[in-house]
Amino acid sequence: MKAFKQVKKEFNKEIIDYLGIFIGANLTALALVWFLIPNKIAAGGVSGLATVLYYLWGWPVGLVMLAINTPLLLACLKIFGPKFGIKTFFGTILLAVAVEYWGSIVHPLTLDPLLSSLYGGVLTGIGMGLTFKYHGTTGGTDLAARLLNHFSNLTMGQGLLIIDGIVIGLAGIIFRSAELMLYALIAVAASGKIIDGVIEGFSYSKGAFIISDYSERIAQRILDEMNRGVTGLSGRGIYSGKSREVLLCIIGRTEEARLKQLVKEEDPRAFVIISNVHEVLGEGFKE
């Protein structure tokens, strides 16, 4: 019975993953046909290269994406083996099909390049973020960057930057427009930011490190008045050689001002570091 429940749980998880990839790929396709392709915004990657070829020779964007991705998929499968994952195949093929499908039934929402780069980048980021969050990819530069990482000293990030830069530069040269290159960069920046938000979450907390000679009193007030947990870490000042307890506390965004006031009341000379924390798991936060 226990084994059956575990199998059912894994099956449901797989269904949710594929549904997430399906939605993500379709949103990415809509970003292309609604905003980016009609405005000649080649925002890097295979889709950007396919957009350039579409305007050069009229080749269908979806089919070109599939033609470029197929050898990349086969190469990755040969090099990385079955662990490479069927979800990558699913997302890659689905995106190409979705671009052709949506391109035949919908029309551009705007022909303003600035609006298109912003909204296209945001919608692309949502689609790609969902795809990545549910353990899939849409191929393209991800595959190429992985191959570059395997055969050279380039990191994945460096590989993505080089490939996207080449595609954007090529588009600017072929379209003879520096403005289109700049719009493409806007789209890339917007999509990257949204991808991070979708994967990591837009609602973030605050992490605080507090160094004070009155750490016990500060910690007790945080526990009593803010109902937040506090962790004491052992620390030592390198210059002074003095050992001190460093307090670590995670709070909500709205509690930052209250925490700073509380610390100031106990020790105006306390050293406080507060930073954004994108995801917190555990008691009092997300399970």
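A residue counts as buried when its relative accessible area is under 20%. Keep that cut-off in mind as we walk through this structure, which is a predicted model.

Let us start with Ser117, a residue of helix H5. Its relative accessible area is 0%, so Ser117 is buried. What does Ser117 touch, once its neighbours within four places in sequence are left aside? The answer is Ile41, Tyr183, Ile186 and Ala187. If you have the 3D view open, try picking out Ser117 together with these four contacts.

Asn69 makes a good companion example. This residue sits in helix H3, which covers residues 61–80. With a relative accessible area of 1%, Asn69 is buried, because anything under 20% falls in that class. Leaving out residues up to four places away in sequence, Asn69 is in contact with Val46, Thr92, Thr138, Gly139, Gly140 and Leu143.

One of those partners, Leu143, leads us to the next topic, how helices pack. Two packed helices are described by the angle between their axes and the distance between the axes. For H3 and helix H6 (residues 141–151), the axes come within 9 Å and cross at roughly 40 degrees. H3 and H6 are therefore oblique to each other, and their crossing is left-handed. On the H3 side the contact is made by Asn69, Leu72, Leu73, Ala75, Cys76, Ile79 and Phe80. On the H6 side, Leu143, Ala144, Arg146, Leu147, His150 and Phe151 take part.

Now look at another pair of helices, H9 (residues 215–226) and H10 (residues 256–266). Their axes come within 10 Å and cross at roughly 140 degrees. Why is this pair called oblique rather than roughly antiparallel? An angle has to be over 145 degrees to count as roughly antiparallel, so H9 and H10, at roughly 140 degrees, are oblique to each other. H9 passes H10 in a right-handed crossing. From H9, the residues that meet the partner helix are Arg217, Ile218, Arg221, Ile222, Glu225 and Met226. From H10, they are Arg258, Leu259, Leu262, Val263, Glu265 and Glu266.

Next come the aromatic rings. The structure holds 7 aromatic pairs. One of them joins Phe35 and Tyr119, whose ring centres are 6.2 Å apart and whose planes are at 25 degrees, which makes the pair stacked. Phe35 belongs to helix H1 (residues 2–36) and Tyr119 to helix H5 (residues 113–133), so this pair ties together parts that are 84 residues apart in sequence. Phe35 itself is buried, because its relative accessibility is 8%. Trp34 joins in as well: Trp34, Phe35 and Tyr119 form one aromatic cluster.

The rings of Tyr54 and Tyr55 are arranged in another way. Their centres are 5.0 Å apart and their planes are at 80 degrees, so this pair is edge-to-face. Tyr54 counts as partly exposed, at 36% relative accessibility, and Tyr55 counts as partly exposed too, at 30%. Rings can also have a charged residue over them, as Tyr18 shows. Lys87 lies over the face of Tyr18, at 5.8 Å from the ring centre.

We can now turn to residues that are exposed. Leu161 is in helix H7, which spans residues 156–175. Its relative accessibility is 66%, so Leu161 counts as exposed. How far apart in space are Leu161 and Ser212? From C-alpha to C-alpha they are 43 Å apart, while in sequence 51 residues separate them.

Two loop residues bring in the backbone angle phi. Most residues other than glycine have a negative phi. Arg176 has a positive phi of about 55 degrees, although it is not a glycine. Where is Arg176 found? It lies in the loop between H7 and helix H8 (178–200), and Arg176 counts as exposed at 79% relative accessibility.

Asn227 also has a positive phi, near 55 degrees, and is a residue other than glycine. Asn227 is placed in the loop between H9 and strand S2 (231–236). Is Asn227 buried or exposed? With a relative accessible area of 68%, Asn227 is exposed, because exposed means over 50%.

Notes
Residues numbered from 1 in each chain as written. Predicted model: local features only at pLDDT ≥ 70, side-chain atom pairs only at ≥ 80, totals over all residues. Heavy atoms only, no water. Phe/Tyr/Trp six-rings, centres within 6.5 Å; stacked < 30°, edge-to-face > 60°. Helix = DSSP H or I, 4+ residues; strand = E, 2+ residues; numbered from the N terminus. Buried < 20%, exposed > 50% of the residue type's maximum accessible area, 1.4 Å probe, protein only. Lys NZ or Arg CZ within 6 Å of the ring centre and 35° of its normal. Axes fitted to C-alpha atoms, helices over the stretch in contact; angles between N-to-C directions. Parallel < 35°, antiparallel > 145°, perpendicular 65-115°, else oblique. Left-handed = near helix turned anticlockwise from the far one by under 90°. Contact = heavy atoms within 4.5 Å.
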